[in-house]
Amino acid sequence: MLDHCSISHKVLWSRSFTPAAAPVNSLIRDALIEGRNAEKGYEKDGYAVKWTFVNDLELIFVVAYQRILQLTYVDELLATLKALFVQLFQPFLTTFVASLHAASVGKVLAADTTVTWDFRKAFERWDKLFDDVLRGLENKAAQHSVAQAENIVDSVPPSDADDVAPSDSGAATVDEEQIARNVQALKNRLKARGRPITGGGKRRPDAGSGRDSLPTSDSDTPTHKKTKKTKAKSQRKWGDEAPTESDMASLDFSYVSVDSPSSSAKPADVNALVDQSSLGIVKDGIYEVKDWEFTSTSELSASALTQALNQEKAKAEQARSFGVLGSMFARLTGSKVLTQDDLKHVLEGMKQHLMKKNVAKEIADKVCEGVSDSLVGKKLGSFQSTSSAFRQALSTSLTRILTPKTSTDLLLSIRTKLSSHLPSSQQREPYSITFVGVNGVGKSTNLSKVCFWLVQNGLRVLIAACDTFRSGAVEQLRVHVRNLSMLGVGPNGATDSKGRVELYERGYGKDAAGIAKEAIAYGRDNDFDVVLIDTAGRMQDNEPLMRALAKLVSTNNPDKILFVGEALVGNEAVDQLQKFDRALRDFSSAAGTGKERGIDGMIVTKWDTVDDKVGAALSMTYITGQPIVFVGCGQTYTDLRQLRVSNVVQAILSD
């Protein structure tokens, strides 16, 4: 049965069948406000929610039920309620909506300010009608289920029950005999191949022995020679003797000391680590990275999206039979009501445009559906064209999707935790951030960029080398720590940076969750402010590795889990984020803590390679609802940027 049904403008009517609150508020917060109204459904706390709109009356019909029930009549119920409710109460609702709009623009007369709306009296007939509609659909669904069950029973032949035993017995006998013959033939074939073969001629298989063919001595002879040559291959030698530990240490250049002559003799290398032109700004004592700015190479009117709008406008003008005067009158009065046919060609052009901007196809479809749902049935205002209404709706939809629902001020979160009051017996924990993602996206490189940003703000950072699988992963982080220790901080130069960055590593082949736990404890005991946890790259479909990552998360409970992804991916971004987030939530909650953890934010790398094709940002934000904290756009430690929603929207809408 249903759990909740409501009709909302400001909740005009609702009916709940269970005492538990249905997730309508969560639907409004997570789906509708964030522009995800194109979703086919919404799930929250075991509930499934479906909805539909009436845009001209600004209504939304919502139905909630327990997801496990799989009710088949929900879509038909929504359509029936929508048609019946609008048919019965359209005059009342039109007057009500008009009064709201008049009040919002200050056009309410003094005599109208005392008007009250009695919704209970206006909708007193609706309860009985709703019960009748729901009862009829439930009975129809029950009869359909009974009919399907009878069809399944009738489709079974009545004679099958009598013939089951003999037919199965005969089949079993034949199968056993065939299996025995196959086994004997396999034994004969293997036995024949194991015998030494003499003579240069070819042997013919014995009739009835089950041997299909036997290898000849001519074909066997080179095979044996090749095997002997492979075994005789000598191992690689390092000089006359095996290398010693000192020899191996001399080949490891990641252990160069900061105070060694080799590091001080190469100031040019240190300067190459920082791009002075991309340095952030210091504001109120806080080092802030620069914003990513989009520079358009062409006007928006020349974009593919605008061309699609212009084509639609030209078709509409050709289809008009009442001439220019009627067109002017329609624009002046604002009497145009948008329909699905008006938006068909424009929506297709927009979908192609979004996909060219590297937006995943699935996300492009949903954005188009969301814009269409928000426009169909709306009446255009005075002097407003279809193209302007469409552009405004698209811009609003993109802005809602990209606007983060949580804070992106990572530095504020860190300082809030570090300044929180603790009991005298409790030691302060460092702020921990875990970097996760697939192979080769740049987790270690962008971790070092974030580390540089934190050090510039006067924080002590400990890097935990938890990638114990990839060769050179620990050495790569060691080089980053050495470089960051050589870079200056503030006006005092390199002397301030020493001791602010350290590496915690335990080599290769160890448990990553254990190393992260030890690193956090080491950071707590040695007064580090932040612990950055580097993890091994893994594919989203590798369940054992995803379980290991969830173990690291559930064991250490980091303050932030940042997914590192590429700006180059399109449809793959959806698959990666969905499976990473879902695996972390499922496996971390099953680890015994009872608390599921998902992705808290994203870092998008290789941003400088995509120009205005920034659709990956839209796809990633749409999937998780989490913000993009930083984007990486270069090879130096200063090549880190923050995203502004307006800049991303401008890039997506441009040609």
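A salt bridge is a side-chain nitrogen of Lys or Arg within 4 Å of a carboxyl oxygen of Asp or Glu. With that in mind, here is a good place to start: E348, K351, K361 and D365 are joined in a network of salt bridges. The model you are looking at is a predicted one, and in total it holds 27 salt bridges.

## Salt bridges to look for

Three further pairs are worth finding in the viewer. The table gives the N to O distance for each.

| Pair | Closest N to O distance |
|---|---|
| K140 and E76 | 3.3 Å |
| K366 and E362 | 3.3 Å |
| E596 and R585 | 3.5 Å |

Begin with the salt bridge between K140 and E76. K140 sits in helix 4 (residues 126-154) and E76 in helix 2 (residues 74-104), so this pair ties together parts that are 64 residues apart in sequence. Both ends are partly exposed: K140 has a relative accessibility of 47%, and E76 has a relative accessible area of 36%.

The salt bridge of K366 with E362 stays inside one element. Both residues belong to helix 13 (residues 361-375), where they are four residues apart, about one turn of the helix. E362 counts as partly exposed, at 34% relative accessibility.

Then there is the salt bridge of E596 with R585. This pair links distant parts of the chain, eleven residues apart: R585 is in helix 20 (571-593), while E596 is in the loop between helix 20 and strand 14. E596 is partly exposed, with a relative accessible area of 40%, and R585 is also partly exposed, at 21%.

## The sheet and its helices

Now turn to the strands. Nine of them form an open sheet with mixed pairing, in the order 8-16-15-14-13-9-12-10-11. Which strands stand at the edges? They are strand 8 (290-291) and strand 11 (501-504); each has a single partner strand, so one side of each is left without a neighbour in the sheet.

Helix 18 (residues 512-525) packs on this sheet and touches strand 9 (431-436), strand 10 (461-466), strand 11 and strand 12 (530-535). The direction of helix 18 makes about 165 degrees with that of strand 10.

Elsewhere in the sheet, strand 15 (residues 628-632) and strand 16 (residues 640-642) pair in the antiparallel sense over two bridges. To see one bridge partnership up close, find V631 and its partner R641 in strand 16. Strand 15 also meets a helix: helix 21 (residues 615-624) lies across strand 13 (560-566), strand 14 (601-605) and strand 15. Helix 21 runs at about 165 degrees to strand 14.

## Cavities

How many cavities of 30 Å³ or more does a search of the whole structure find? There are two, and the largest has a volume of about 70 Å³. Its lining is made up of S407, T408, D409, L410, S413, K560, L562, D600, G601, P627 and V629. The elements giving two or more residues to that lining are helix 15 (410-418) and strand 13.

## A residue in a loop

Finally, visit N358, placed in the loop between helix 12 (340-356) and helix 13. Is N358 buried or exposed? N358 counts as buried because its relative accessibility is 17%, and buried means under 20%. Leaving aside residues up to four places away in sequence, N358 touches A567, L568, V569, G570, K613, G615, A616 and S619.

Notes: Residues are numbered from 1 along each chain as its sequence is written. This is a predicted model: local features need pLDDT of at least 70, side-chain atom pairs count only at pLDDT 80 or more; totals for chains, interfaces and linings use all residues. Side-chain values use heavy atoms; hydrogens and water are left out. Two strands pair if DSSP finds at least two bridges between them. Contact means heavy atoms within 4.5 Å. Axes are lines fitted to C-alpha atoms, for helices over the stretch in contact, and angles run from 0 to 180 degrees between N-to-C directions. Buried means under 20% relative accessible area, exposed over 50%, partly exposed in between (1.4 Å probe, protein chains only). On a 1 Å grid over the protein atoms alone, a cavity is a set of points where a 1.4 Å probe fits but cannot get out, and a pocket is an open set with protein on both sides within 12 Å along at least five of seven lines; lining residues have an atom within 4 Å of a point. Grid points are joined across faces, edges and corners, and a volume is the space filled by probe spheres set on the points.
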